[in-house]
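Colleague: I should like to take a close look at one part of this model with you. Please explain it in a way that a first-year student can follow.

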Amino acid sequence: MANLRSPRFQLLLVLQVLMLIQSKVLCYQYKVGDLDAWGIPTSTNPQVYTKWSKTLEFKMGDSLLFLYPPSQDSVVQVTAQAYTSCNLKDPILYMNNGNSLFNFTSLGDFYFTSGEPGHCQNNQKLHISFGNGSAYSPSYGPSALPDSAPSYPTVFGTIPAPPSSAPSQSFPVLMVAVIGFVVCSLLSGNL
């Protein structure tokens, strides 16, 4: 049997723990609206934020990136009541640098809208219910979404596509555990 106090065994144990930790730390940054960026939805695509968010599953540590011309727009995080009534007074958070990042650090419902007067009334708002795998925007359900919607060029340059779906986390963790078990067994001479 291998000596559990040997430096070689302890090094392998530390490497295995680091691999387990690394396989769990997968966070994504999602650009709100993808190619449409953050702005008033067009009449041909009024549900752009609903369509964008309906297939995403957010996880703790993920973040939202709002891109917009800072001289023309902003982002505010508001309460549910302020979201529904488009009340921009007393926001929870106000961002106006054109490259605004919001990190998910807790579970719950998050409400965002433009800080510019009139934009919220034109459906420039986003509601994300984080923790149950769903996200949605103004009062449109999945059945109200068109099968295809036009895509528009962005003024911010090319944007890489977000991951189509997050990979399952159980495989890397299982694989690391099996590899660690095999290595430890080989060292102890049991295999």
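How many disulfides does a search of the whole structure find? Please describe what is found there, and then place it within the rest of the protein.

Modeller: The model is a predicted one, and a search of the whole structure finds one disulfide. The bond joins Cys 86 to Cys 120, with an S to S distance of 2.1 Å. The two cysteines belong to distant parts of the chain, 34 residues apart. Cys 86 sits in the loop between α3 (80-85) and β4 (93-95), while Cys 120 sits in the loop between β6 (108-114) and β7 (125-130). The disulfide is left-handed, because the torsion about the S-S bond of Cys 86 and Cys 120 is about -75 degrees.

The next point is how far each cysteine is covered. A residue counts as buried when its relative accessible area is under 20%. Cys 86 has a relative accessible area of 13%, so Cys 86 is buried. Cys 120 has a value of 1% and is therefore buried as well. A further cysteine, Cys 27, has a relative accessible area of 44% and is partly exposed.

Each of the two loops that carry the disulfide also holds a residue with a notable backbone angle. Most residues other than glycine have a negative phi. In the loop between α3 and β4 lies Asp 90, which is not a glycine and yet has a positive phi of about 55 degrees. Asp 90 counts as exposed, because its relative accessibility is 74%. In the loop between β6 and β7 lies Asn 123; this residue is not a glycine either, and its phi is positive, at about 70 degrees.

From these loops one may turn to Gln 77, which is found in strand β3 (residues 75-78). Its relative accessibility is 9%, so Gln 77 counts as buried. Leaving aside residues up to four places away in sequence, Gln 77 touches Pro 91, Ile 92, Leu 93, Phe 102, Phe 110, Tyr 111 and Phe 112.

Among these partners of Gln 77 is Phe 102, which leads to the aromatic rings. The structure holds twelve aromatic pairs. One of them is formed by Tyr 30 and Phe 58, which meet edge-to-face, with 5.2 Å from centre to centre and 85 degrees between the planes. This pair links distant parts of the chain: Tyr 30 lies in strand β1 (residues 29-31), and Phe 58 lies in the loop between α2 (48-53) and β2 (63-67), 28 residues apart. Both Tyr 30 and Phe 58 are buried. Phe 102 and Phe 104 form an edge-to-face pair too, with 5.6 Å between the centres and 85 degrees between the planes. Phe 102 counts as buried because its relative accessibility is 8%, and Phe 104 counts as buried because its value is 1%. Ring pairs also join residues into a cluster, whose members include Tyr 30, Trp 38, Phe 58, Phe 102, Phe 104, Phe 110 and Phe 112. Phe 102, Phe 110 and Phe 112 are thus members of this cluster and are also touched by Gln 77.

Some residues elsewhere are less covered. Asp 34 is found in the loop between β1 and α2, and with a relative accessibility of 25% it counts as partly exposed. The C-alpha atoms of Asp 34 and Ser 53 are separated by 9.9 Å, and the two residues are 19 apart along the chain. Val 182 lies in helix α4 (residues 170-188) and is partly exposed, with a relative accessible area of 32%. Together with Val 178, Phe 181 and Leu 186, Val 182 forms a nonpolar patch on the surface, with about 380 Å² of accessible area in total.

Finally, the protein as a whole gives these details their setting. Its secondary structure comes to four helices and eight strands, which run from the N terminus in the order α-β-α-β-β-α-β-β-β-β-β-α. Of the 191 residues in the protein, 36% are buried, and Cys 86 and Cys 120 are among the buried ones. Among contacts between residues at least 6 apart in sequence, 72% join residues at least 24 apart. The accessible surface comes to about 11300 Å², of which 60% belongs to carbon and sulfur atoms.

Note on methods
Residues numbered from 1 in each chain as written. Predicted model: local features only at pLDDT ≥ 70, side-chain atom pairs only at ≥ 80, totals over all residues. Heavy atoms only, no water. Disulfide = S-S within 2.5 Å. Buried < 20%, exposed > 50% of the residue type's maximum accessible area, 1.4 Å probe, protein only. Patch = residues over 30% accessible without salt bridge, like charges linked within 9 Å, V, L, I, M, F, W, Y side chains within 5 Å. Areas by Shrake-Rupley, 256 points an atom, 1.4 Å probe, with all protein chains shown as cover. Salt bridge = Lys/Arg side-chain N within 4 Å of Asp/Glu carboxyl O. Contact = heavy atoms within 4.5 Å. Phe/Tyr/Trp six-rings, centres within 6.5 Å; stacked < 30°, edge-to-face > 60°.
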